[in-house]
Amino acid sequence: MKRRVIATVLVAAMLIGTMLSATGCSSEPNDGKTHITMLQYKPEAVKAFEKMEEEFNATHDDIVLKIESPNDAMTVLKTRFIKEDAPDIIGIGGDVNFSNFVDADMLMDISDFEGLSLVKQAYKDIDKNLEFVPREGVYAVPYVANAAGILYNRDMFEKNGWKIPTTWDEFTSLCETIKSSGQQPLYFGYKDVWTCLAPWNALACDLAPADVCRQVNKGETKFADEYGEVAEKMLELLQYAQDDPFAYNYNDACTAFANGEAAMYPIGSYAVPQIQSVNPDMNIDSFVMPGCDNAEDNVLNSGVDLQFCVTKDCPSKEAAYEVLSFMLEDSTIQTYLDDQNAVPCKDKEFKLSSALDGMLDYINAGKMTDYQDHYYPSEMAVDAQIQTFLLDGSVEKFLNKFDTDWLRYNRDIIRKVQEYEKNGGNK
């Protein structure tokens, strides 16, 4: 009952207008087989998942896998939770939605799933850090990640003899050099507010504590004390952007970069397929955002883009584990990587896109930090706040609002965290 009540609070705002359109529970065929339903949230990867479903069902006689890839999957998923029609497995990102599901006790503890030993520890740690308060157990299998930093035009760099920067001074000096040559250093698509988060996250993982949100929840610091340099450098980047970066959206920026209108694009690896859809022959590479004064202090901004969780009420744990084992097979992972230009969470070498060459050392070494926005509540609309700040230019005003809104939208979580700390780390 407690789980249902929490789930109701979690999804109530999203249920308006969706209940009538939600998919209802259907009866399972009486064919003597175990039927497993997976709902995954990445419609852009539907072809890869269709191939996975086909291959699984062709190689398993006793289990039937059905993978659903609806538009607005998180709304559909939350609606199904409230209607007690949860799928057996969910494919979601490692973000605040996952945090809420764990907190609401909706997911099964899968710590006995042997496939977890195949996953890089760095990504398991990222997932664990997403728990509002630490709890026993494991609740997700990290599957693929993405990486954010700077995409660059390799041919343009080679033609001009530009070197890859490893510090903030080197980066801004490079931008000045490119600008002085009459070429465009950076391109942004800030009309789409979510794109403001790409350079923000990449700078924040260099310049702010990885657990800054947890520290704030514990009352140990404020964002105004931790995000100042991040905000200042976000403003500094604007002087190397195209004219009026707020007039262009994500597709505009991808197209401009694909057409050689800028040397660099501060965005994640997820943008590469969109860029190559415009210019399939573009020679793209990437490097880690050099936000620090010391190159050794830079870390890769990488988070879990897709992970699989078994819902708590799944009646067929063994069959669900069989599906997870299939998803972790090398050939299955490669199917996804080839389709989505992703970074595997499995601790093994795979064939990756050449656009990730400049980040490989960080990926292989596990020198990475999660996206800060994975901890931000959606109601706070941090992406829109960043856009407004960049237009306004007042760091103090922005950070004060950030702290005020954080307390407003996270008061229940803050209460839980501080109660947990008061009890000596016991729930």
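Q: What share of the 427 residues in the protein chain counts as buried?
A: That comes to 54% of them. Keep in mind that this is a predicted model.

Q: Fine. How does the radius of gyration sit against a compact globule?
A: The two agree, because a compact globule with 427 residues would have a radius of gyration near 22 Å and the protein chain has 22 Å. If you want a box, the C-alpha atoms fill roughly 70 × 50 × 40 Å along the principal axes.

Q: And the accessible surface, what does that come to?
A: About 18900 Å², with 46% of it belonging to carbon and sulfur atoms.

Q: How many helices and strands are there?
A: The count is 19 helices and ten strands.

Q: What about contacts, how many join residues at least 24 apart?
A: Taking contacts between residues at least 6 apart in sequence, 78% join residues at least 24 apart.

Q: Let's go inside. Which residues touch the most other members in the largest nonpolar core?
A: W200, Y227 and M264 do, in a core of 68 residues. Helix α8, residues 197-207, gives the most to this core, with six residues. There's also a second, separate core of 50 residues, and I67, I110, V288 and L306 are among its members.

Q: W200 is a Trp, so let's talk rings. How many aromatic pairs are there?
A: The count comes to 27 aromatic pairs. One of them is Y143 with Y336, which is edge-to-face, at 6.1 Å centre to centre and 75° between the planes.

Q: Where do Y143 and Y336 sit in the chain?
A: In distant parts: Y143 is in strand β4 (residues 141-148) and Y336 is in helix α15 (residues 330-340), 193 residues apart. Both Y143 and Y336 are buried.

Q: And W168 with F171, what geometry does that pair have?
A: W168 and F171 are tilted, with 5.7 Å centre to centre and 50° between the planes. Here the two partners share a helix, α7 (residues 168-180), and lie three residues apart, about one turn of the helix. W168 and F171 are both buried too.

Q: Which rings link up into a cluster?
A: Ring pairs join W200, F223, Y227, Y376, F389, F398, F402 and W406. W200 and Y227 came up before, as residues that touch the most other members of the largest nonpolar core.

Q: Pick F398 out of that. Where is it found?
A: F398 is in helix α18, residues 395-409. With a relative accessible area of 5%, F398 counts as buried.

Q: What does F398 touch, leaving out residues up to four places away in sequence?
A: W200, A231, Q385, I386 and F389. For I386, the C-alpha to C-alpha distance to F398 is 7.8 Å, and the two are twelve residues apart in sequence.

Q: Switching to cysteines. How many disulfides does a search of the whole structure find?
A: Zero. Take C196: the nearest cysteine sulfur is that of C254, 14 Å away. C196 has 0% relative accessibility, so C196 counts as buried.

Q: And C345, how far away is the nearest cysteine sulfur?
A: It's 12 Å away, on C309, and C345 is in no disulfide. C345 is buried as well, with a relative accessible area of 0%.

Q: What about H374, is that one buried or exposed?
A: H374 counts as buried, because its relative accessibility is 12% and the cut-off for buried is under 20%.

Q: Where does H374 lie, and what is on either side of that loop?
A: H374 lies in the loop between β10 (368-369) and α17 (382-392). Setting aside residues up to four places away in sequence, H374 touches G94, D95, V96, L130, G303 and V304.

Q: Last one, helix α3. Why is it largely enclosed by the rest of the structure?
A: Because eight of the ten residues of α3 (residues 73-82) are buried. Those are A73, M74, T75, L77, K78, T79, R80 and F81.

Q: What follows α3?
A: E84 does, and its phi is positive, near 55°.

Terms used. Residues numbered from 1 in each chain as written. Predicted model: local features only at pLDDT ≥ 70, side-chain atom pairs only at ≥ 80, totals over all residues. Heavy atoms only, no water. Helix = DSSP H or I, 4+ residues; strand = E, 2+ residues; numbered from the N terminus. Buried < 20%, exposed > 50% of the residue type's maximum accessible area, 1.4 Å probe, protein only. Contact = heavy atoms within 4.5 Å. Core = buried A, V, L, I, M, F, W, Y, C linked by side-chain atoms within 4.5 Å. Phe/Tyr/Trp six-rings, centres within 6.5 Å; stacked < 30°, edge-to-face > 60°. Disulfide = S-S within 2.5 Å. Rg over C-alpha atoms; globule rule 2.2 N^0.38 Å. Areas by Shrake-Rupley, 256 points an atom, 1.4 Å probe, with all protein chains shown as cover.
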